[in-house]
Amino acid sequence: MTGRRVDAVVVGAGFAGLYMLHRLRDRLGLSVTVFEAGDGVGGTWNLNRYPGARCDTESYAYCYSFSDELCQEWDWSGKYPRQDEILRYLNHVADRFDLRRDIQLSTRVSAASYDEDERLWHITTEHGAQVSARFLITGVGLLASAPHLPSLPGLERFEGEWYHTGDWPRHHVELAGRRVAVIGTGSTGVQTIPVIAEIAEHLTVFQRTPQFAVPAQHHTLDADGLRWIKQNYDEVWNQTKWSIGGFPCTPHGRSALDDSPEERRKTFESLWAQGGLRFVVGNYQDVLFDRRANDFASEFIRAKIRERVKDPKTRELLLPCDHPFGSKRPIVETGYYEAYNRENVELVDIHSFPITEVTPLGIRTAAGHHELDVILFATGFDAVTGPLLRLNVTGRGGVRLPDRWAEGPSSYLGLAAAGFPNMFMVTGPGSTFGNIPVVVEHHVEWISDLIGHLRSSGHDTAEATPDAESAWTDTMARAAEKSVIPLADSWSTGSNIPGKPRTVLFYLGSYGAYRRQCDDVAARGYPGFEFSSAVAEPRSAPVSL
Ligand SMILES: Cc1cc2nc3c(=O)[nH]c(=O)nc-3n(C[C@H](O)[C@H](O)[C@H](O)COP(=O)(O)OP(=O)(O)OC[C@H]3O[C@@H](n4cnc5c(N)ncnc54)[C@H](O)[C@@H]3O)c2cc1C
Ligand SMILES: NC(=O)c1ccc[n+]([C@@H]2O[C@H](COP(=O)([O-])OP(=O)(O)OC[C@H]3O[C@@H](n4cnc5c(N)ncnc54)[C@H](OP(=O)(O)O)[C@@H]3O)[C@@H](O)[C@H]2O)c1
């Protein structure tokens, strides 16, 4: 193999890739190349430019904590920043830490294969360039790099425009005064629908499953708010690091079953008023784990929806009833339900009357035809495994990752996989879920610490053992038994993609519990990894989780 040689190749320049570059290059002194398929840094926030796109984690915790100076110098404009503000933040990070000189933009990695003799990864880009590296680190993200476009017959004949929200074009998309369709009512659809409703001549929403959405209660941050955040950052990060999902929020310590109906109503109302995901991560401790507790929260939300939607038929269609609250990733909304009170917005039930085809002039369902100028697919992503499988990775013994994971993925802590030496995954399958920048930061630090340990102990290769992988799979299964998440069809279980194996893609214990297990593995010298070097004998450590 000819081509450049570096210590590490990192794939992706979102939250994960940027910090990984900084850690490996500036802390460990490694030579690093980052390949980024997009035309800029920012990942998710460079790709998802649809109207209304913003995050739903509080701004001051949807960012890096590793640099106190960075925390102190950046002023967030409000509770939930818009896409362009987050993109500006990530560009600032790239400049501030002088990252751009090691990032190759507009360069997709098309294949990576492990050479057992040389103990190197050979990485090929879509332009045919080749680079060899001791370490391959994937920062391809869990969602944004693999938009899911359902196959609808006739789409190629549609005479209007169509777009996927996660692959939004750079040119202006004219929606004002036009007949627009949104297919999908997950977080993306719910975010964009009220914004488009204000400008479109007519908006038709094609809904397959009504979901639970909680109000954002968005507000701007004034000087006092910013001062409070900056003065309390140590406490904020300490809280997020050991929390249920990496959020700056303490859960309600009680069971919903222990309170009277009046006490429960007060608690739910208070969380509702605080807004956003506090209704999830600040709620009674058993809401996501006990069906009776969950039913109380689910019914509270349904009652709120009933209050907000005027038309009785539309109101009924919007009530989530086939899955428990929190089993699909909860949605945070602003003005979503009120959008349906507008004359120019129509809700179409494609659960009862599925889409049969796209025609040159619109969309036909089993119940009728809708004339349209623009179709927007807010139909989600081939999450977690999708971006990784597209990398075309071949490990030891010529084993391809897609073959290894044909029946569903397996990993050790979501960070490494047996048979793929020196390949580490940020937010890989089997890792934890929650406020992703906090999760990403943990993964990056854990992986770079492992690489530092490996090098200082005179080894050059670390590989997860099959036993460790299988023990982690058992740990995941035990955690999943207690959670409501496996009860719904959603991207967290792979069941949103036709033909994808249905399996829980995350460790569903709390983020804090996940972090403790990872810390324990590191403190014990990384049991579950086999360390080796070209000269030394392999050292194998047993794993007990
Ligand atoms: C619309 C939207 C809103 C979200 N809001 C929130 C939120 O409020 N809170 C939250 O916690 N999370 C949210 N998320 C999840 C979000 O993806 C993460 O918070 C975070 O941005 C992920 O960062 P990342 O660097 O891990 O991955 P990404 O941001 O997905 O970046 C991955 C990068 O890898 C690149 N890449 C992929 N494959 C290749 C390849 N083969 N070659 C080269 N480059 C490649 C991609 O181009 C991309 O730039 C949201 C996701 C979406 C889609
Ligand atoms: N910060 C934020 O507020 C924000 C915004 C956007 C995204 N996100 C993140 O990204 C994740 C994904 O969100 P998303 O809304 O893009 O995707 P999603 O949650 O997977 O929702 C996809 C929607 O499309 C529908 N759909 C999928 N395939 C379809 C088909 N063939 N025909 C008709 N409808 C179809 C789904 O219906 P079914 O439910 O019936 O499958 C669902 O309503 C979120 O869960 C969240 O983590 C966050």
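This passage walks through two ligand sites, one small sheet and two unusual loop residues in a predicted model.

Ligand 1 comes first. Its surroundings count 34 residues, and the ones that come nearest are Glu 36, Thr 44, Asp 56, Tyr 62 and Ile 436. Several polar atoms of the protein sit within reach of this ligand. The backbone takes part at Phe 15, where a polar atom is 2.9 Å from an oxygen atom of ligand 1. Side chains join in too: an N or O atom of Thr 57 is 3.0 Å from a nitrogen atom of the ligand, and for Trp 45 the distance from a side-chain N or O atom to a ligand oxygen is 3.5 Å. On its own, ligand 1 has 990 Å² of accessible area, and the protein covers 95% of that.

What kinds of residues make up the shell around ligand 1? Sorted by class, there are 18 nonpolar residues, 13 polar ones and three charged ones. As for where they sit in the fold, helices H1 (15-27), H2 (44-47) and H15 (436-456) each hand over at least two residues to the shell. H15 gives the largest share, with three residues. Ile 436, one of the residues that come nearest to the ligand, is where the range of H15 begins.

Ligand 2 has a shell of its own, with 23 residues. Here the closest are Thr 188, Gln 191, Thr 209, Lys 328 and Trp 491. Two of these names come back when polar atoms are considered. Thr 188 places a polar side-chain atom 2.7 Å from an oxygen atom of ligand 2, and an N or O atom in the side chain of Gln 191 is 2.9 Å from a ligand oxygen. Arg 329 also takes part, with a polar side-chain atom 3.3 Å from an oxygen atom of the ligand. The protein covers 87% of the 910 Å² of accessible area that ligand 2 has by itself.

Which helix gives the most to the shell around ligand 2? That is H5, spanning residues 187-197, with three residues. By class, this shell holds nine nonpolar, nine polar and five charged residues.

Away from the ligands, there is a little sheet story to tell. Three strands line up in the order E13-E14-E15 to form an open sheet, and they pair in antiparallel fashion. E13 (355-359) and E15 (368-371) stand at the edges with a single partner strand each, so one side of each has no neighbour in the sheet. From one strand to the next, the twist averages 20°. Strand E14, residues 362-365, is joined to E15 by four bridges. In one of the pairings between these two strands, Gly 362 has Glu 371 of E15 as its bridge partner.

Finally, two loop residues have a backbone angle worth a look. Asn 422 has a positive phi of about 60°, even though it is not a glycine. It lies in the loop between helix H14 (401-404) and strand E18 (423-425). Is Asn 422 buried or exposed? Its relative accessibility is 0%, so it counts as buried, the cut-off being under 20%. Thr 427 is another residue other than glycine with a positive phi, in this case near 50°. Its place is the loop between E18 and H15. With a relative accessible area of 4%, Thr 427 is buried as well.

Technical notes
Residues are numbered from 1 along each chain as its sequence is written. Chains are lettered from A and ligands numbered from 1 in the order in which they are written. This is a predicted model: local features need pLDDT of at least 70, side-chain atom pairs count only at pLDDT 80 or more; totals for chains, interfaces and linings use all residues. Side-chain values use heavy atoms; hydrogens and water are left out. A residue is near a molecule or strand if one of its heavy atoms lies within 4 Å of it. A polar contact is a pair of N or O atoms within 3.5 Å; within protein, one must be able to donate a hydrogen and the other to accept it, and residues adjacent in sequence count only if both atoms are side-chain atoms. Accessible areas come from the Shrake-Rupley method with a 1.4 Å probe; for residues, only the protein chains shown count as cover. Ala, Val, Leu, Ile, Met, Phe, Trp, Tyr, Cys and Pro count as nonpolar, Asp, Glu, Lys and Arg as charged, and the others, Gly among them, as polar. Two strands pair if DSSP finds at least two bridges between them. Axes are lines fitted to C-alpha atoms, for helices over the stretch in contact, and angles run from 0 to 180 degrees between N-to-C directions. Buried means under 20% relative accessible area, exposed over 50%, partly exposed in between (1.4 Å probe, protein chains only).
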